[in-house]
Amino acid sequence: MSNPSRLGHLLGIESLSREQIQSLLSLGTSYAAPGAPQRQTTLAGKTIITLFFENSTRTRTSFEIAARRLGADVISIATTASSTAKGETMMDTALNLEAMAPDAIVVRHSKSGTAHLLSRHLQCAIINAGDGQHEHPSQALLDAATIAAHKGSFEGLQVAIVGYLQHSRVARSNVMCLTKLGCHVRLCAPHSLMPAGMDELGVVDGQRRASLHYTLQDALTDADVVMALRVQTERLGDTPRIADAAAYAAQYGISARAMAFAKPDAIIMHPGPVNRGVELTADIADSSRSVILEQVSMGVAMRMAILHQLLGAAA
Ligand code: CP
């Protein structure tokens, strides 16, 4: 199966094969190429709803730009201004929106499994734009495309993912995506933020392609890619796992001193939003090695690819 459209939905990286990921990356890369047409009619007549129950700047905006560039109509539901604020359940909201016959709903929700739940009850395509601490597949795909743009191929690349791993849907999707593509992923966090068994997400064809690390030196030495993760204060709950933000930044923040462990041509990534001075020093975030804004640009191209493969004529 080489076309994710046959799946009907994009719920996560876990259910995608290497070939399906490569097919999406190939199409996304073509949309990102210099001179690629910025207006198309591929999805003319299609209606896409973005339904975000959590805040977003990058994912929501780039899905909406992507859909418009492909000629689709886009309806954006701000849940704070919708009837969810009057007590309507998430499922009732989704069923009512589907009654208006959209072709796809792009959904973000704080509860893991929301996109899967909607896919079982709705007929339209469901695209997971982040579900709790489970998956953020379009982020992993745009991250992979950004890495490919700089490194050419994935085979044998050493990718360090650093920071708040405990509730990170970005990390989970990236481990599965990058290891399927041939990278080795080094996961680095304090013990209090390292989920047990997270390296098992990186077992591919019986080979363990992810490893656990507790110091930046261990994780970053000779790394090709360094990806910092946002400290998600909204998911920390009542039990703080970070006692001292300054101490956390000193031990796990990516600085010029930390980057000295990595390869000289290593790139620096972050899914955003960045907490400057916590996950990254400002000089590193703005350095020539940082590809953070390229990730954002690639987000539009990859989301065009996702929408095209799910809803395009060949689907
Ligand atoms: N990376 C990411 O998901 O950013 P937003 O929360 O702004 O969509």
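In this predicted model, a nitrogen atom of the ligand is 3.0 Å from an N or O atom in the side chain of Gln 139, a polar contact in the sense of a pair of N or O atoms within 3.5 Å (within protein, one atom must be able to donate a hydrogen and the other to accept it, and residues adjacent in sequence count only if both atoms are side-chain atoms). Backbone atoms also take part, since an oxygen atom of the ligand lies 2.9 Å from a backbone N or O atom of Arg 58, and a nitrogen atom of the ligand lies 3.4 Å from a backbone N or O atom of Gly 272. The surroundings of the ligand are formed by Asn 55, Ser 56, Thr 57, Arg 58, Thr 59, Arg 108, His 136, Gln 139, Pro 271 and Gly 272, where a residue is near a molecule if one of its heavy atoms lies within 4 Å of it. Because the model is predicted, local features need pLDDT of at least 70 and side-chain atom pairs count only at pLDDT 80 or more, whereas totals for chains, interfaces and linings use all residues. Residues are numbered from 1 along each chain as its sequence is written, and side-chain values use heavy atoms, with hydrogens and water left out.

Gly 272 also precedes a cis peptide bond, which leads to Pro 273 and has an omega near -5°. Pro 273 is found in the loop between strand S11 (267-269) and helix H10 (282-285), these elements being DSSP runs numbered from the N terminus (helices are H or I with at least four residues, strands are E with at least two). In another loop, between strand S7 (203-204) and strand S8 (207-208), Asp 205 has a positive phi of about 50° although it is not a glycine.

Two packed helices are described by the angle between their axes and the distance between the axes. The axes of helix H1 (residues 18-32) and helix H11 (residues 292-311) come within 8 Å and cross at roughly 125°; axes are lines fitted to C-alpha atoms, for helices over the stretch in contact, and angles run from 0 to 180 degrees between N-to-C directions. H1 is therefore oblique to H11, given that angles under 35 degrees count as roughly parallel, over 145 as roughly antiparallel, 65 to 115 as roughly perpendicular and the rest as oblique. Among the residues that make the contact (heavy atoms within 4.5 Å) are Leu 24, Leu 25 and Tyr 31 of H1 and Met 298, Met 302 and Ile 306 of H11. The residues of this contact divide into 11 nonpolar, 4 polar and no charged, where Ala, Val, Leu, Ile, Met, Phe, Trp, Tyr, Cys and Pro count as nonpolar, Asp, Glu, Lys and Arg as charged, and the others, Gly among them, as polar.

H1 also packs against helix H5 (residues 137-151), at an angle of about 65° and with the axes 10 Å apart, so that H1 is roughly perpendicular to H5. The contact is made by Ile 21, Leu 24 and Leu 25 of H1 and by Leu 141, Ala 144 and Ala 145 of H5, and it has 6 nonpolar, no polar and no charged residues.
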